[in-house]
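Morning, everyone. I have one protein chain to show you today. Have a look at it first, and then I'll walk you through it.

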Amino acid sequence: MQEVFGPPPEEALPDRIRELAELLLAREALGHPDGQPTRLVLVVEDDPMMRDLAVAVLRETVLDVVACETGNAAVDLLKERGGEVAMVFTDVRLPGGMDGVDLARAVSRLWPGVRLVVTSGFADDRTEALPENAVYMPKPWRALDVLAQVDRAVRHPEPPVT
């Protein structure tokens, strides 16, 4: 992309959009040619249309995208690849024994360096149980807001608790 178009002109874009454009242009530069794992964003959403939309938005970032339908499936993936995950983007309402709030609390405790973004179309008191480090984003969310969270996950990751 950069070879064809080059970087966007400084004066043509507002600061925030320019920063996001630069982040997208850096996708290949942030890869790990030495064989180290690529950073991931994990999308946890049971609604196939919302999951596909989130995956489509996130696929354009510097992170690879992995999606699953349940909190339990997300925890299984985190057990295998937790060190690679930069961000979890989850819905509150998920099927099975673990909803998005439970997932966010588990991620906060077990993988504290992972950025947490929790979304829902239904505002209820369940979101009051979110950990302090989780960002709540009501549905319908805007793609730019999701991309801004990826930007924070990549540029300003939370240091792991030691």
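**Surface, fold and a cavity**

Let's start on the outside. The accessible surface of the protein chain comes to about 9100 Å². Carbon and sulfur atoms account for 54% of that surface. Keep in mind that this is a predicted model.

Now the inside. The chain has 162 residues, and 41% of them are buried.

Next, the fold. How many helices and strands does the chain have? There are 6 helices and 5 strands. Follow the sequence and you read α-α-β-α-β-α-β-α-β-β-α. So much for the order along the chain; now the contacts. Take contacts between residues at least 6 apart in sequence: 66% of them join residues at least 24 apart.

On to the empty space. A search of the whole structure turns up 1 cavity of 30 Å³ or more. The largest cavity holds about 40 Å³ of space.

What lines the largest cavity? From the first part of the list, we have Val43, Val44, Glu45, Met50 and Ala54, among others. Phe89, Thr90 and Asp91 belong to the lining too. Thr119, Lys139 and Trp141 complete the list.

Which elements supply at least two residues each? Strand E1 (40-44), helix H3 (48-58) and strand E3 (85-91) do. E3 gives the most, with 3 residues.

And the chemistry of that lining? By class, 6 residues are nonpolar, 2 are polar and 3 are charged.

That's the tour. Please find Trp141 in the structure, as one of the residues lining the largest cavity.

Notes:
Residues numbered from 1 in each chain as written. Predicted model: local features only at pLDDT ≥ 70, side-chain atom pairs only at ≥ 80, totals over all residues. Heavy atoms only, no water. Helix = DSSP H or I, 4+ residues; strand = E, 2+ residues; numbered from the N terminus. Buried < 20%, exposed > 50% of the residue type's maximum accessible area, 1.4 Å probe, protein only. Contact = heavy atoms within 4.5 Å. Areas by Shrake-Rupley, 256 points an atom, 1.4 Å probe, with all protein chains shown as cover. 1 Å grid on protein atoms, 1.4 Å probe; cavity = no way out; pocket = protein on both sides within 12 Å on 5 of 7 lines; lining within 4 Å. Points joined across faces, edges and corners; volume = space filled by probe spheres on them. Nonpolar A, V, L, I, M, F, W, Y, C, P; charged D, E, K, R; others polar.
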